[in-house]
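Grab your favourite viewer and work through the exercises below. Each one sets a task and then walks through a solution.

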Amino acid sequence: MIRDQETFSILLDTIRRFVRERLIPAEQQVVDSDEIPDAIVKAMREMGLFGLTIPPEYGGLGLTMEEEVLVSIEMCRASPAFRSLAGTNNGIGSQGIVIDGTDVQKRKYLPRLASGELIGSFALTEPGAGSDAGSLTTSARRDGDHYILNGAKRYITNAPEAGVFTVMARTDPDSKDANGVSAFIVERNVRGLVVGKPDRKMGQRGAHTADVVFDNVRVPAANLIGGREGAGFKTAMKVLDKARLNIAAVCVGAATRMLDDALKYAIERRQFGQPIAEFQLVQAMLADCKTEIFAAQSMTLEAARKRDNGGNITLEAACCKYYASEMCGRVADRAVQIHGGAGYMAEYAVERFYRDVRLFRLYEGTSQIQQLVIARNLIRNAAR
Ligand SMILES: Cc1cc2nc3c(=O)[nH]c(=O)nc-3n(C[C@H](O)[C@H](O)[C@H](O)COP(=O)(O)OP(=O)(O)OC[C@H]3O[C@@H](n4cnc5c(N)ncnc54)[C@H](O)[C@@H]3O)c2cc1C
């Protein structure tokens, strides 16, 4: 739902202008330096972009899901690396605390996450536990007022920048499945926590991932999210339901940008004495892009409204993430095709976007995992 259309329109207009005037012109600098420029990070902080989804009582803007989706669509007309920096604070890096944290945990961490002073990361994946995240082996053993964590996490977004991690670890050593998993808030500067070197990735330069290793890391028991053992995997899945809707919106934004670029190129580029946009085979590619973007945007907004109305959106979030990320890949491919040889050259943004958006079909659950979630929910609902 949109609570106050006028105020929200001002926010969207401000973000649209910021994307056009600051982010898109800085894209090449981000590629060259593999960093988001400090001035842009500062501007993002001042605009409240790190706290979009954090409740106002903790210093955030407290956007509804529908509002968040609309903001992500605008933000992701620029390189996805910009969104990624603030993305974990608004999504997987804070929502475990927002959804299931105790009052004390919320008061202690959310204001600094909302301001961007602290970067939050979400550490679920391990070398041996990716799609089968419930089989994770990082352990958390109770020792008086503390837990002692041991294990390794892999491909953790913003780990090099993070000040705090939401870490899923096994508190029941006899369990093998998700029921023995708990979620912890782990601060960066604790003895035994080591963040690896940033990974070398296919795309999204400026956005970083790394391994995080826990070697007898002592975490206060007060940092067990919600104060309950065994609830951590459920917390992670609630976080991912919301995050998947957001990734669907991210895909709509990136696909819109690629279509904008392809359309502009098709109108300017002339072959056989006329703009290539006049050729019906090129028009078909443009039309297919627009149709699929519209479909992904519509379904994502519909699911967002359902969540805002208190509905369970596990199935819809998987549908949106699955369809929108696959759609984004198809749009990227057509956008390169419309550019011809230029689409293979680094001076055109579509070459970079083509690589950047490949990630969306992989993280926060691969397309195959979304298919499994959708089918499992269909079958379960049919049995009721
Ligand atoms: C850039 C990047 C950032 C990331 N950020 C984070 C982060 O911040 N925090 C975090 O915790 N994780 C993060 N991840 C990890 C990401 O969520 C996992 O990579 C993803 O869930 C897939 O796990 P995997 O890589 O182990 O692949 P695998 O699980 O090994 O899958 C390999 C292939 O097998 C398929 N497959 C697996 N199981 C099944 C099945 N049951 N049925 C059908 N097919 C199946 C998959 O779909 C895939 O095609 C990130 C990954 C990347 C690349």
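**Exercise 1. Place Tyr-155 in the fold, then decide whether it is buried or exposed and check its phi.**

Step 1: Tyr-155 sits in strand 3, which spans residues 146-157. Keep in mind that we're looking at a predicted model.

Step 2: Its relative accessibility is 56%, and the cut-off for exposed is over 50%, so Tyr-155 counts as exposed.

Step 3: Now the backbone. Tyr-155 isn't a glycine, yet its phi is positive, at about 55 degrees. Most residues other than glycine have a negative phi.

**Exercise 2. Do the same for Asp-34: find its element, its phi and its exposure.**

Step 1: Look in the loop that links helix 1 (5-33) to helix 2; that's where Asp-34 lies.

Step 2: Here's another non-glycine with a positive phi: Asp-34 comes out at about 60 degrees.

Step 3: The relative accessibility of Asp-34 is 23%, so the residue counts as partly exposed. The partly exposed band runs between the 20% limit for buried and the 50% limit for exposed.

**Exercise 3. Describe the surroundings of Met-44, and say which helix it belongs to.**

Step 1: Met-44 is part of helix 2, residues 38-46.

Step 2: With a relative accessible area of 0%, Met-44 is buried.

Step 3: List the contacts, skipping neighbours within four places in sequence. You should get Phe-18, Leu-49, Phe-50, Met-75, Phe-82 and Ala-86.

Step 4: Take Phe-18 from that list. It is 26 residues from Met-44 along the chain, and the two C-alpha atoms are separated by 9.2 Å.

Step 5: Follow Phe-82 and Ala-86 into helix 4, where both are buried. Helix 4 covers residues 80-90 and is mostly covered, with 11 of its 11 residues buried. That count takes in Arg-83 and Asn-89, among others.

**Exercise 4. What does the side chain of Thr-300 do with its polar atom, and what does the residue touch?**

Step 1: Find Thr-300 in helix 8, residues 280-308.

Step 2: At 1% relative accessibility it falls under the 20% cut-off, so Thr-300 counts as buried.

Step 3: Look back along the chain to Ala-296. Its backbone oxygen lies 2.6 Å from a polar atom of the Thr-300 side chain.

Step 4: Leave out residues up to four places away in sequence, and Thr-300 touches Val-69, Leu-245, Ala-248, Ala-249 and Cys-320.

**Exercise 5. Work out the contacts of Thr-256 and its degree of burial.**

Step 1: Thr-256 belongs to helix 7, residues 232-268.

Step 2: Its relative accessible area is 13%, which puts Thr-256 in the buried class.

Step 3: Beyond four places in sequence, Thr-256 touches Arg-77 and Ile-293.

**Exercise 6. Trace how Glu-364 and Val-373 pack against the rest of the chain.**

Step 1: Start with Glu-364, which lies in the loop between helix 10 (349-356) and helix 11 (367-382). Val-373 is found in helix 11.

Step 2: Glu-364 is buried at 16% relative accessible area, and Val-373 counts as buried at 10%.

Step 3: Setting aside neighbours within four places, Glu-364 contacts Ile-92, Leu-240, Ala-243, Arg-244, Ile-247, Lys-321 and Gln-370. Arg-244 also turns up for Val-373, which touches Thr-314 and Ala-318 as well.

Step 4: Check two C-alpha distances. Glu-364 and Thr-125 are 239 residues apart along the chain but separated by 9.8 Å. Val-373 and Cys-319 are 54 residues apart in sequence, with 8.8 Å between them.

**Exercise 7. Zoom out: how does the radius of gyration of the protein fit a compact globule?**

Step 1: Count the elements, and you get 11 helices and nine strands.

Step 2: For 384 residues, a compact globule would have a radius of gyration near 21 Å; the protein has 21 Å, so the two agree. Along the principal axes, the C-alpha atoms fill a box of roughly 80 × 55 × 45 Å.

Step 3: Buried residues make up 54% of the 384. Of the contacts with a separation of 6 or more, 75% come from residues 24 or more positions apart.

Step 4: Finish with the surface and charges. The accessible surface is about 17,500 Å², and carbon and sulfur atoms account for 52% of it. The 49 positive and 47 negative charges have mean positions 2 Å apart.

Key:
Residues numbered from 1 in each chain as written. Predicted model: local features only at pLDDT ≥ 70, side-chain atom pairs only at ≥ 80, totals over all residues. Heavy atoms only, no water. Helix = DSSP H or I, 4+ residues; strand = E, 2+ residues; numbered from the N terminus. Buried < 20%, exposed > 50% of the residue type's maximum accessible area, 1.4 Å probe, protein only. Polar contact = N/O pair within 3.5 Å; in protein donor to acceptor, adjacent residues only side chain to side chain. Contact = heavy atoms within 4.5 Å. Rg over C-alpha atoms; globule rule 2.2 N^0.38 Å. Areas by Shrake-Rupley, 256 points an atom, 1.4 Å probe, with all protein chains shown as cover. Lys, Arg positive; Asp, Glu negative; His and termini not counted. Charge placed at Lys NZ, Arg CZ, Asp CG, Glu CD.
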